Amino acid sequence: DNTIGPPIARLWLVQQATGPRPLLKMSREEIEKQLKKVLDADPRQVDAHQMLASLYLSREELRQAELHLEEAAKVRPQFNLQLAQLKRQMKRPGDDAEAAAAKAVTELSRLLEQDRTRVDLRLDLANALLLSENYNQAREIILSGLLQKDEPRLRDALADLDLLAVDRQLRSSVLNRDGCVPVALNALRIS
């Protein structure tokens with residue numbers, strides 16, 4: 001529609017339309033149109049950029065998703081994790097994805113320092129560290145969280161991380177099999 005409405009109302013319309021029980025159903029095209037109108041009124045509206053990125057990802061329009069994640073990351077640097085993952089998926093040059101991952105590590109580390117109890121931040125930081133090829137640091141972040149509280153999501157992440165290491169070792173040489181068996185069994189026990 002061509003009516004003028006406050007960006008916050010348009011954003012609410014989209015959020016409710018994408019929720020589990022929408023009051024007003026909207027097509028993807030209508031959602032995209034409303035989010036673009038929000039951004040016309042406020043180009044730094046992070047939630048609109050993030051929702052558009054998700055919409056474009058669902059339609060496999062990766063370049064459009066990348067553009068909106070870049071804008072979201074300018075305002076909220078923790079979006080650099082999703083941006084780095086997308087750049088890696090798009091096979092962007094290594095330094096491009098690495099730069100986004102490094103920014104994500106910096107911001108997520110800062111946020112985790114402010115509240116060390118946030119499991120979601122801890123898991124995101126571990127993922128950003130993995131994207132930066134810092135396996136040991138990622139493992140330490142997860143382990144330090146488990147020392148604070150026995151959280152199932154952290155146990156699962158530790159098991160996944162250990163299985164990833166096993167997979168890498170076995171891919172490099174089958175001779176690593178004997179050393180990998182105890183790690184794999186421990187990962188299954190943890191999870």
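**Exercise 1. How many helices and how many strands are there in the chain?**

Solution. Let's start with a simple count, keeping in mind that this is a predicted model.
- Step 1: Count the helices, and you should reach ten.
- Step 2: Look for strands; the number is zero.
- Step 3: Read the elements from the N terminus on, and the order comes out as α-α-α-α-α-α-α-α-α-α.

**Exercise 2. Describe the overall dimensions and the surface of the chain.**

Solution. Now take a step back and view the whole chain.
- Step 1: Along the principal axes, the C-alpha atoms fill a box of roughly 65 × 35 × 30 Å.
- Step 2: The chain has 191 residues, and 38% of them are buried. To be called buried, a residue needs a relative accessible area under 20%.
- Step 3: About 11500 Å² of the chain is exposed, with 53% of that area coming from carbon and sulfur atoms.
- Step 4: For the charges, you will find 29 positive and 29 negative side chains, and the centres of these two sets are 2 Å apart.

**Exercise 3. Find which residues touch the most other members of the largest nonpolar core.**

Solution. Time to go inside!
- Step 1: The largest nonpolar core holds 52 residues.
- Step 2: Those that touch the most other members are Leu-35, Leu-108, Leu-125 and Ile-142.
- Step 3: The element that gives the most to this core is helix α7 (residues 119–131), which supplies nine residues.
- Step 4: Zoom in on Leu-35. Leaving out residues up to four places away in sequence, Leu-35 touches Leu-11, Val-14, Ala-48, Met-51 and Leu-52.
- Step 5: For the chain in general, take the contacts between residues at least 6 apart in sequence: 44% of them join residues at least 24 apart.

**Exercise 4. Work out what phi Glu-60 and Lys-91 have, and where each residue lies.**

Solution. A reminder helps here: most residues other than glycine have a negative phi.
- Step 1: Glu-60 is not a glycine, yet its phi is positive, at about 60°.
- Step 2: Find Glu-60 in the loop between α3 (46–58) and α4 (62–75).
- Step 3: Is Glu-60 buried or exposed? Its relative accessible area is 67%, so Glu-60 is exposed, as the cut-off for exposed is over 50%.
- Step 4: Lys-91, also a residue other than glycine, has a positive phi near 60°.
- Step 5: Lys-91 sits in the loop between α5 (80–89) and α6 (94–114).
- Step 6: With a relative accessibility of 71%, Lys-91 counts as exposed.

Terms used
Residues numbered from 1 in each chain as written. Predicted model: local features only at pLDDT ≥ 70, side-chain atom pairs only at ≥ 80, totals over all residues. Heavy atoms only, no water. Core = buried A, V, L, I, M, F, W, Y, C linked by side-chain atoms within 4.5 Å. Buried < 20%, exposed > 50% of the residue type's maximum accessible area, 1.4 Å probe, protein only. Helix = DSSP H or I, 4+ residues; strand = E, 2+ residues; numbered from the N terminus. Contact = heavy atoms within 4.5 Å. Areas by Shrake-Rupley, 256 points an atom, 1.4 Å probe, with all protein chains shown as cover. Lys, Arg positive; Asp, Glu negative; His and termini not counted. Charge placed at Lys NZ, Arg CZ, Asp CG, Glu CD.
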